[in-house]
Amino acid sequence: MSKAKLDPTSRDMQSTALRVISNLYEAVAEGADYEPMFFAMDEVIDQVLGDPVIEESAAELTPLFQPHFDRAAHVFDIMSRQESETPLKFVERRSNATAVVDPTGKILVANVAFESGFGPAGLSLKEQFATPADRNRFMALARSNAPDSRTILNMITPGDARPVSVLAGLLPNIEMMQVGARAIFLMLIKPKWDVTTGDLLREAYGLSIAEIEILQNFVETGSVQGVAERRGRSIRTVRTQLSHIFAQMGISGQTGLALFLATLEGLQNETERPVPAQPGQTPVEAAIRSKVIQTSGYATEVLEYGHPEGDPVLLLQSTHPPDLTEALRVHMFEQRLRVIAPLKPGSGRSDKIAGHPEPERMARLYNKVLQSIGVGPIVVAGQASGGLFALEFARQYPDSTLAVCLIDTGVPFRKRSELMELPKPIRRTMVPARYFPNILYLPHRLVASNFRRSRKGEAQVIDYFFTGSPVERELTRTRRDAYDVTRALIDYSFDDTDSLVRNVSRWASDWHPLLDEIARRTRIRFFHGLDNQMFHVDRIEAWLRNYNNCDLITAPTSGQLAAFQHPNILSNAISTLFPR
């Protein structure tokens, strides 16, 4: 390693800096193509880590980069506010089959779900209207001057004689290549019936249980004959019953019901919604109880799950969704754990907090939340950077803390060589987070923009997220549950990218004083994946040699997704921290 101090004014350093700055502006101009900028940062990071006076070099590098990152961030903010809707963005945000067509019925752009049923872009749909009346309704829509005009069409998909219901409407805010061109969306709508639909309709329209069952049968079978066969009634009787139900609801026929239920489920919203659980799919043990608690003038949404009368666990997470997974919630219930998981400020129904919600401040808020709920001594668990919030809570409230469980938190980096060993995608975040964190705000916002822009962007970010972690990368590429967990994790993190950067910067710092202070008086248990490439198990084991009251529980063949791959091990690790 060179003993000479890094010179930010050297020709090599200036050349490297120029590449970073050039790629930075290109990333903003291209709308979140962030990888070239990160790759260029590798050279800067390697040089900073190789410099013997690293803190001074980082301080000298910051003025070199900061003005450009600030300027690019300003441009990005303006572009984000002025960003126009496009047909491609519109269809890619939707999980159900959707296309944007011109007034003649020609498909301009469609998502994969629509293409698989109707055909690709460029195809004309004018021959696929089920009846002349449907074609006339489409033409009337195309001529309409009302910006919110919508109608239901029956259409025939190739190879299927049975009509399907399609919601059609104008998109007045869509940016089109042709001046004055009109965009029309077509969205396949299929009436669905989830566990809450019957209760909602019974309460709203006074329908009887029998009428609710008839409607449900109609939705599930798709025909009057199907209902008649299920219920052992004549077709005429079922048709009469359905006509009476539709009259009570103020709708007409099957297409009206399709539109009504599609609207009820939020299929017309701009963001995707998870498919509601069907009856019997979600065990009672996995149920989530949510409430909003007012403390010190702030509203905090708190999720509770597990056993209602179990041992209390305060779960603190800054980058992970607090509801975790169904399997983990079931295991928490079986271990008789009552999990109390506050949502971070600004997420869900939790108020944003002015200034920075630092661990010291949040510990006081969480203590008031626990007092409001009325629980006694707890085990406080923190996941990822949330582990530092858990340690701070234990520092301020030792009498309320039975033990601390650090889930995938690891131990702090003390040696520069430990940072050098990190996989490059992780190093690109952790090194700047430690030495010049201010330049991280814009890159994280670029990644967040790319993640939320389209399905493709989402997949790219998830794949990049685990570039240096082969176990998780293979999981997210081959298993839908691992992909969905990672997507939820990233989405929750990007709720507030500025807070994310502050939390990661805190995580990348040397927080040994806090860890050592808590370990001297409180039991600490680490839960960690054996293949975690971010915080290695051997460094945790080395730290544990100095503390007899602390230990490590490992999950085999897993890394940063250990809690989700092995919920039984995690729930047992927390449960055994309580005195029995």
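This tour goes through a sheet and then two cavities. The model is predicted.

**Stop 1: the sheet**

Select β1 to β5. These five strands form an open sheet, ordered β2-β1-β5-β4-β3, with antiparallel pairing. Now colour residues 107-110 and 150-155. They are β2 and β3, the edge strands; each has a single partner, so one side of each is left without a neighbour in the sheet. From one strand to the next, the twist averages 25°.

**Stop 2: the β1-β5 pair**

Keep residues 98-101 and 184-188 on screen. The former are β1 and the latter β5, antiparallel and joined by four bridges. How is one bridge made up: which residue in β5 partners Ala99? Pick Leu186; that is the bridge partner of Ala99.

**Stop 3: the helix on the sheet**

Add residues 132-143. This is helix α6, which packs on the sheet. Its contacts are with β1, β3, β4 (164-170) and β5. Compare directions: α6 makes about 150° with β3.

**Stop 4: the largest cavity**

Turn to the empty space. There are five cavities of 30 Å³ or more. The largest holds about 610 Å³. Which residues lie nearest its centre? Select Thr429, His444, Phe465, Val504 and Gln560. They belong to a lining of 24 residues.

Next, show the helices around the largest cavity as ribbons:

- α16 (424-435), which gives the largest share of the lining, four residues
- α17 (441-453) and α18 (455-465), each supplying at least two lining residues
- α20 (480-493) and α21 (497-508), each also supplying at least two

Colour this lining by residue class. The split is 16 nonpolar, seven polar and one charged.

**Stop 5: the second largest cavity**

The second largest cavity has about 200 Å³ of space. Its lining counts 16 residues. Select Lys344, Pro345, Pro357, Phe389 and Asn503, which lie nearest the centre. Then show β8 (311-317), α13 (359-373), α14 (386-396) and α21, the elements that give two or more residues to this lining. Which element gives the most? Highlight α21: it contributes four residues.

Apply the class colours again. The lining of the second largest cavity has six nonpolar, five polar and five charged residues.

**Last view: α21**

Finish with α21 alone and both cavities displayed. This helix supplies at least two residues to the lining of the largest cavity, and four to that of the second largest.

Methods
Residues are numbered from 1 along each chain as its sequence is written. This is a predicted model: local features need pLDDT of at least 70, side-chain atom pairs count only at pLDDT 80 or more; totals for chains, interfaces and linings use all residues. Side-chain values use heavy atoms; hydrogens and water are left out. Two strands pair if DSSP finds at least two bridges between them. Axes are lines fitted to C-alpha atoms, for helices over the stretch in contact, and angles run from 0 to 180 degrees between N-to-C directions. Contact means heavy atoms within 4.5 Å. On a 1 Å grid over the protein atoms alone, a cavity is a set of points where a 1.4 Å probe fits but cannot get out, and a pocket is an open set with protein on both sides within 12 Å along at least five of seven lines; lining residues have an atom within 4 Å of a point. Grid points are joined across faces, edges and corners, and a volume is the space filled by probe spheres set on the points. Ala, Val, Leu, Ile, Met, Phe, Trp, Tyr, Cys and Pro count as nonpolar, Asp, Glu, Lys and Arg as charged, and the others, Gly among them, as polar.
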